[in-house]
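Subject: Structure handover

Hello,

Please find the structure below, followed by notes on what was found in it.

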Amino acid sequence: MSIVYKRSEGLTDAITNYCPGCTHGIVHKLVAECLVELGVLGDTVGVAPVGCSVTCYNFFNCDMHQAAHGRAPAVATGIKRVQPDKVVFTYQGDGDLASIGTNEIVHAAHRGEKITTIFINNAIYGMTGGQMAPTTLIGQKTTTSPFGRTEEHSGKPIKISEMLATIDGAKYVARVTVDKPANIARAKKAIKKAFRTQLEGKGFAIVEVLSSCPTNWGLAPTEALQWLRDNMIPYYPLGTFKDWEEE
């Protein structure tokens with residue numbers, strides 16, 4: 001009997017620790033497949049900071065380095081500059097990248113660091129208890145905004161992709177989601193393009209992935225995906241915001 005599907009060689013055999021319905025696992029799979037298909041798995045170093053992404057080193061079958069909260073771009077910069085022949089990526093959540101690590105990601109992009117960032121946006125702090133994040137939507141209830149986020153108190157949710165796309169050093173910026181097969185295919189294409197941006201020495205690349213967090217949203221997995229479609233995608237539109245091949 002022939003094999004029609006198997007676990008990517010880019011992933012270990014570790015059993016996932018993510019909550020039911022969390023889409024981190026899907027994104028891990030896509031990243032792993034891209035590294036294998038590009039032939040760079042053995043030359044890759046991933047950097048994961050604090051948050052749900054912190055356990056990445058259990059799942060990716062490549063060298064991994066842990067960074068302090070928000071500092072993954074700085075650590076990745078150091079690795080890439082010391083070992084420019086390596087493929088270096090960061091895997092970060094919105095509580096990490098868009099809050100404590102905003103300065104790091106902005107300046108990494110500004111310097112045009114030849115690294116790739118996978119940015120998981122689920123509009124909330126996941127691992128640390130469901131607090132309001134910079135990406136939390138207006139009206140969205142969290143443990144620190146029990147009556148819903150308001151623009152008057154917290155401002156509007158930050159749109160990281162649109163902001164980074166204005167920076168010259170950022171050469172590829174895209175926003176995708178993994179809520180259904182067609183979008184998963186588009187997400188993989190974007191992730192592969194982000195790694196190819198690095199391989200061709202063009203500069204900084206980031207793929208923002210709209211993700212669900214059923215546990216902290218207080219929804220069933222299927223309900224969480226629908227909430228993402230109804231609420232996140234209208235505010236965070238999908239698409240490519242910067243592409244060096246089209247400039």
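Ile-118 lies in strand S4, which covers residues 116-121. The model is predicted, and the values here are computed from it. Ile-118 counts as buried because its relative accessibility is 0%, below the 20% cut-off. Leaving aside residues up to four places away in sequence, Ile-118 touches Val-27, Val-31, Thr-90, Tyr-91, Gln-92, Ile-191 and Val-207. Pro-134 is 16 residues from Ile-118 along the chain, and their C-alpha atoms are separated by 17 Å.

Among those contacts of Ile-118 are Val-27, Val-31 and Ile-191, and these three also appear in the packing of two helices, H1 and H8.

Helix H8 runs over residues 181-199. Its 19 residues should span 27 Å at 1.5 Å a residue, and the end C-alpha atoms are 27 Å apart, so the two values agree. Which residues of H8 are buried? They are Asn-183, Ala-187, Lys-188, Ala-190, Ile-191, Lys-193, Ala-194, Phe-195, Thr-197 and Gln-198. After H8 comes Gly-201, which has a positive phi, near 70°.

As background, an α-helix has 3.6 residues a turn, so residues three or four places apart point the same way.

Helix H1 takes in residues 24-37 and packs against H8 at an angle of about 50°, with 9 Å between the axes. Why are H1 and H8 called oblique to each other? The angle of about 50° is neither under 35 degrees, nor over 145, nor in the range 65 to 115, so the pair falls in the remaining class, oblique. The crossing of H1 and H8 is right-handed.

On the H1 side, the residues that meet H8 are Ile-26, Val-27, Leu-30, Val-31, Glu-33, Cys-34, Leu-35 and Glu-37. On the H8 side they are Ile-184, Ala-187, Lys-188, Ile-191, Lys-192 and Phe-195. The residues of this contact divide into 10 nonpolar, no polar and four charged. Of the H8 residues in the contact, Ala-187, Lys-188, Ile-191 and Phe-195 are among those listed as buried.

One residue on another helix is also worth noting. Arg-81 is in helix H3, residues 72-82. Is Arg-81 buried or exposed? Its relative accessibility is 56%, so Arg-81 counts as exposed, the cut-off being over 50%. Arg-81 touches Arg-111 and Glu-113, again not counting residues up to four places away in sequence. Arg-81 and Lys-6 are 75 residues apart along the chain, and their C-alpha atoms are separated by 35 Å.

Regards

Methods
Residues numbered from 1 in each chain as written. Predicted model: local features only at pLDDT ≥ 70, side-chain atom pairs only at ≥ 80, totals over all residues. Heavy atoms only, no water. Helix = DSSP H or I, 4+ residues; strand = E, 2+ residues; numbered from the N terminus. Expected span 1.5 Å × (residues − 1). Buried < 20%, exposed > 50% of the residue type's maximum accessible area, 1.4 Å probe, protein only. Axes fitted to C-alpha atoms, helices over the stretch in contact; angles between N-to-C directions. Left-handed = near helix turned anticlockwise from the far one by under 90°. Contact = heavy atoms within 4.5 Å. Nonpolar A, V, L, I, M, F, W, Y, C, P; charged D, E, K, R; others polar.
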